[in-house]
Amino acid sequence: MSNYTENDPQMTEKHILQYRDQGRVVNLWPEGPEETSSYWVPDAMLTAYGTFIREEFVFRPEYQEHVDNMFKTIKKNDKSGKEIIFVGLHSRRTDYLAFSKKMLKKSVVGKTYFLEGIEYFQEEFPESQVYFMAVSDDMRWMAKHLGGIEGVVLAGSAGGADTGLDPIGVDLCILASCNHSIVSQGQFGQWGAFLAAGDIFSEYGAMVRSVLSD
């Protein structure tokens with residue numbers, strides 16, 4: 001197995017596709033200092049192998065059942081009479097605040113960004129009831145800034161009730177089970193959106209699934 005430490009997106013895609021042709025196994029996230037770590041998955045690889053990855057990357061039954069029941073409860077309690085659409089909303093914070101400033105030379109997105117994402121999906125689906133399944137490693141921040149907004153469900157398990165399940169696995173399953181996604185920084189939300197396979201709202205704007213499809 002080859003440890004990969006290049007952190008340039010353009011070079012990463014070139015190298016990884018070369019390794020694929022050579023039949024080499026690559027560890028994209030080797031242990032080591034932040035300066036020599038790669039934090040990106042080549043788009044071309046995800047596009048080319050998207051269907052295969054989603055078929056292989058499935059959640060344990062107890063996780064999927066837990067999340068399915070959560071979604072069913074929301075649908076049961078909804079009184080709008082409209083079609084229900086779930087949008088995963090992920091905010092990566094805690095240690096990433098310092099990491100983003102140090103390594104990426106920028107601040108993480110804040111409340112205004114998420115409000116723009118919420119407004120985007122509400123305008124895209126005006127005839128539907130849209131629920132935003134909010135997940136974060138800092139649910140206190142999420143509750144303070146987005147918890148009072150109509151349609152936002154504080155679904156993340158960080159600091160929540162003990163279900164006997166790994167909260168990280170539950171949170172990823174929530175994001176992956178949604179119809180569409182609002183992502184922030186970090187691979188966690190990116191993978192949740194990839195597995196959900198719907199439209200994505202990112203800091204670069206909206207990306208529609210029909211354009212992203214493999």
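1. A cavity here is a set of points, on a 1 Å grid over the protein atoms alone, where a 1.4 Å probe fits but cannot get out. Its volume is the space filled by probe spheres set on the points, which are joined across faces, edges and corners. In this predicted model, local features need pLDDT of at least 70 and side-chain atom pairs 80 or more, while totals for chains, interfaces and linings use all residues. Residues are numbered from 1 along each chain as its sequence is written, and side-chain values use heavy atoms, with hydrogens and water left out.

2. Let's start inside: there is one cavity of 30 Å³ or more, and the largest holds about 30 Å³. Its lining residues (those with an atom within 4 Å of a point) include Gly88, His90, Ile182 and Ala193. At least two lining residues come from each of β3 (83–91), β6 (180–182) and α9 (187–196); strands are DSSP runs of E of at least two residues, helices of H or I of at least four, numbered from the N terminus.

3. Next, have a look at the sheet. Six strands form an open, mixed sheet in the order β5-β4-β3-β6-β7-β8, where pairing takes at least two DSSP bridges. The edge strands are β5 (152–154) and β8 (205–207). Within the sheet, β6 runs parallel to β7 (200–202), joined by two bridges, and Ile182 has Phe201 as its bridge partner in β7.

4. Finally, one salt bridge is present (a side-chain nitrogen of Lys or Arg within 4 Å of a carboxyl oxygen of Asp or Glu). Asp137 pairs with Arg92, their closest N and O atoms 2.7 Å apart. Because Asp137 sits in the loop between β4 and α7, and Arg92 in the loop between β3 and α5, the pair ties together parts 45 residues apart in sequence.

Conventions. 1 Å grid on protein atoms, 1.4 Å probe; cavity = no way out; pocket = protein on both sides within 12 Å on 5 of 7 lines; lining within 4 Å.
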